[in-house]
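Me: I am new to reading structures of this kind, and I would like to learn how one feature leads to the next. Could we go through it slowly?

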Amino acid sequence: MTKRSQIASLIIALGIGVGIGSLSVEGWADNHRMYWVAGEYPEAFADSMAASSAAFIRKDMEGTRAHMAEDFATYELHGPDSPKLLVKGVEETISVMKTFFAGDFGSSWDGADVERLGSIGNTMVQIEHDRYKADDGLRTISTFVIIQYKNGKRWREWRLRPDPA
């Protein structure tokens, strides 16, 4: 995996979609405890997601840091060498974010749409659709994300990008 792809995967994990938009579809998910209703998320998680997302959009690294556990980590669940640790620790994560925003790929980001699917305990599930400007129009990269919280802060993110084929 190229450094550019690693950085892009991390940034996508860090809040582009964390807190941007949501779907509200009433009902239960296969009669289990996972709600398909945006309002059912624990309030602390929803508030953290919204604040973290707003900080990310402003490119406010300190605001983003405030919502991450010190031992935050992102794992990639796709590709031949998965699962793979992409980044570990809040300091490394912030450093990679700064590098992303300073690069060409990061400056081409044009927003995201997020479908929050549900939560169980400290774990939330969502699908992120990130848009990037390209010479021939917008390119969308969709990722299935599992986000775990610890002490009210993002602790682990598990990312799966389905093969477009």
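Me: What is the order of the strands in the open sheet?

Reply: Strands of a sheet pair through backbone hydrogen bonds, and they do so either parallel or antiparallel. In this model, which is predicted, an open sheet of six strands follows the order β2-β1-β6-β5-β4-β3, and its pairing is mixed. From one strand to the next, the twist averages 25°.

Me: Which strands stand at the edges of the sheet?

Reply: The edges are taken by β2 (84-88) and β3 (109-120), and because each has a single partner strand, one side of each is left without a neighbour in the sheet.

Me: How many bridges join β5 to β6, and do these strands run parallel or antiparallel?

Reply: Strand β5 (residues 137-150) and β6 run antiparallel and are joined by seven bridges. Along this pairing, I147 has E157 as its bridge partner in β6, while V145 stands opposite R159 in β6. The two strands form a hairpin with two residues between them, and N151 in the turn has a positive phi of about 55°.

Me: In which sense do β1 and β6 pair?

Reply: Here the sense is parallel, and the pairing of β1 and β6 extends over five bridges. One residue to look for is Y75, whose bridge partner in β6 is W158.

Me: How many aromatic pairs are there, and how should I read one?

Reply: A pair of aromatic rings is described by the distance of the centres and the angle of the planes. In this structure the count comes to two aromatic pairs. Y75 and W158 form a stacked pair, with 4.4 Å from centre to centre and 10° between the planes. This pair links distant parts of the chain, since Y75 lies in strand β1 (residues 68-76) and W158 lies in strand β6 (residues 153-160), 83 residues apart.

Me: Why does Y75 count as buried, and why does W158 count as partly exposed?

Reply: The cut-off for buried is under 20% relative accessible area, with partly exposed lying between that and the exposed class, which is over 50%. Y75 counts as buried because its relative accessibility is 18%, whereas W158 has 25% and therefore counts as partly exposed.

Me: What kind of aromatic pair do F100 and F101 form?

Reply: F100 and F101 form an edge-to-face pair, with their centres 5.5 Å apart and 65° between the planes. As for accessibility, both F100 and F101 are buried.

Definitions and conventions:
Residues are numbered from 1 along each chain as its sequence is written. This is a predicted model: local features need pLDDT of at least 70, side-chain atom pairs count only at pLDDT 80 or more; totals for chains, interfaces and linings use all residues. Side-chain values use heavy atoms; hydrogens and water are left out. Rings of Phe, Tyr and Trp (its six-membered ring) pair if their centres lie within 6.5 Å; planes under 30 degrees apart count as stacked, over 60 as edge-to-face and the rest as tilted. Helices (H or I, at least four residues) and strands (E, at least two) are DSSP runs, numbered from the N terminus. Buried means under 20% relative accessible area, exposed over 50%, partly exposed in between (1.4 Å probe, protein chains only). Two strands pair if DSSP finds at least two bridges between them. Axes are lines fitted to C-alpha atoms, for helices over the stretch in contact, and angles run from 0 to 180 degrees between N-to-C directions.
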